[in-house]
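Reader: I'd like to go through this one label by label. Can you show me the structure and then tell me what backs each term?

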Protein chains: 2
Amino acid sequence: MLDSGAEQRLLQRYPMLRGLPAALHEELAAQAALLNVPQGTVLFDELQPCRGFPFLLSGSIRVIKAAPNGRELQLYSVNPGESCILTSSCLLGHAQYHARGVAAEDVEMAMLPPATFMALINSHEPFRNYVFSLFSERMADLMQLITAVAFQKLDRRLATLLVSKPSPIHSTHQALADELGSVREIVSRLLKQFEEQGLIRLGREQINVIDVNALSKLSNP
Amino acid sequence: MLDSGAEQRLLQRYPMLRGLPAALHEELAAQAALLNVPQGTVLFDELQPCRGFPFLLSGSIRVIKAAPNGRELQLYSVNPGESCILTSSCLLGHAQYHARGVAAEDVEMAMLPPATFMALINSHEPFRNYVFSLFSERMADLMQLITAVAFQKLDRRLATLLVSKPSPIHSTHQALADELGSVREIVSRLLKQFEEQGLIRLGREQINVIDVNALSKLSNP
DNA sequence: TCATGGTTGTGACTTTGGTCACAGACTTCT
DNA sequence: AGAAGTCTGTGACCAAAGTCACAACCATGA
């Protein structure tokens, strides 16, 4: 059940929900549940069934694959205004999750029960188009990721990661390794090389990008 | 324009197209174009816009990513009754292709213009659900592929590939390497090892799986 | 301040996969 | 039968990434 403040923010983040037919609008407000979850919470995991569709209002979610030996790889991250396409996939395919979702920061979201989500999809074309284009986007991301993992060396992928973040970057080498699907030592080593080449400057949990151009060239040669 | 024979076969392969409202049914029959393309044809490629939505009637399509150095990696393959979700993605996201599609055998398909596809999606719920579940399935496949590429050694991936095909397998080592995103020599070497372990028997363009159990265990330890 | 725990640096080593070069075998076509 | 092209086997070598072990460093709070 959403209060009117929450509903305002929902519509602001997700404008394609405006102009709903009255009945749907009622149902949306009545059925959605406002949730606050702290950073680090596992929101869903592999082999679990889906319990609903989340509209992210603030914070962000890392969607990752974890290997049995402790290594992990980030598939993508979800930000406010986007949606967890993996969840859509589960709901629409009546299947289970194939990855893990973790709150990267404190997260506030409006959770929609499956039935309401299906009603939205079926009766509101703007929302449907929104879901479709998200599918399309994520699909492209995943394919990009696959080629990166299959064909690109780690220094290039690391460079790509670095330029994709606003400098200065606050994260540990381990966290970067987890995004790339690699290990801490290798990332440390590569970062060191980048520093020696004058591309970045390293500090504790901090990376300053000095030469964006050179990094970009490395990232996309 | 479909003749009634082709339409029969289309409906047989794609039963969710039955029960269309008359107007849509007309449009489908009028707008769809029957195409025959020989093995090896590149049906679409990266950075091209989509020209339509294909219903595969016979044959199959390999969807691959090609690296600049000549290596390639198969993302998935499309068989009759399925659809090229990548194309849906393009059409629905108004974007371009992110991979290449090649006819693995001679292919017969009914090509739907974008506008007709959109009309189908928007007005026929069974078809829409079909597209959604395909999205869901492919998404799962891609995620599976990502973890395989990122975390599994090549012998395991090769074993998986071998058990997924009906024995005897007729293909060259190069073709297997292209499915895995690796190179011929490595695949030859691994196959040799498998043979020495009594898991398979090798012949020219032929692989007989001897010990499925052991291979499966390798594939999924 | 001292202990603790998280973060980083680093060297030695191993494994895996890729590259190169070339030989031998088989197929097909003339 | 001979030539050309394709497919396979293989050894030597290389590079990238991962593993292990350990030291040093920093921040925090007891």
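Author: Sure. Keep in mind that this is a predicted model. By class, the surface near DNA strand D has ten charged, six polar and five nonpolar residues.

Reader: What makes a residue count as near DNA strand D, and how many are there?

Author: The C-beta atom, placed from the backbone, has to lie within 6 Å of the strand. DNA strand D is surrounded by 21 residues, and the closest are A:Lys153, A:Leu154, A:Ser182, B:Thr172 and B:His173.

Reader: Which helix supplies the largest share of that surface?

Author: That's H8(B), with six residues. Helices H6 (154-164) and H8 (184-196) of chain A, along with H7 (173-180) and H8 (184-196) of chain B, each supply at least two.

Reader: On to the two chains. What does each one put into the contact?

Author: Chain A gives 29 residues and chain B gives 29 residues. On the side of chain A that touches chain B, H5(A) gives the most, with 16 residues.

Reader: Why is H5(A) called roughly parallel to H5(B)?

Author: Their packing angle is about 20°, with the axes 10 Å apart. Angles under 35 degrees count as roughly parallel, so H5(A) is roughly parallel to H5(B). The crossing is left-handed.

Reader: How do you know which class the residues in the contact of H5(A) with H5(B) belong to?

Author: Look at who meets there: A:Phe135, A:Leu142, A:Leu145, A:Ile146, A:Val149 and A:Ala150 face B:Phe135, B:Leu142, B:Leu145, B:Ile146, B:Val149 and B:Ala150. Phe, Leu, Ile, Val and Ala count as nonpolar, so the tally is twelve nonpolar, no polar and no charged residues.

Methods. Residues numbered from 1 in each chain as written. Chains lettered and ligands numbered in written order. Predicted model: local features only at pLDDT ≥ 70, side-chain atom pairs only at ≥ 80, totals over all residues. Contact = placed C-beta atoms within 7 Å. Helix = DSSP H or I, 4+ residues; strand = E, 2+ residues; numbered from the N terminus. Axes fitted to C-alpha atoms, helices over the stretch in contact; angles between N-to-C directions. Parallel < 35°, antiparallel > 145°, perpendicular 65-115°, else oblique. Left-handed = near helix turned anticlockwise from the far one by under 90°.
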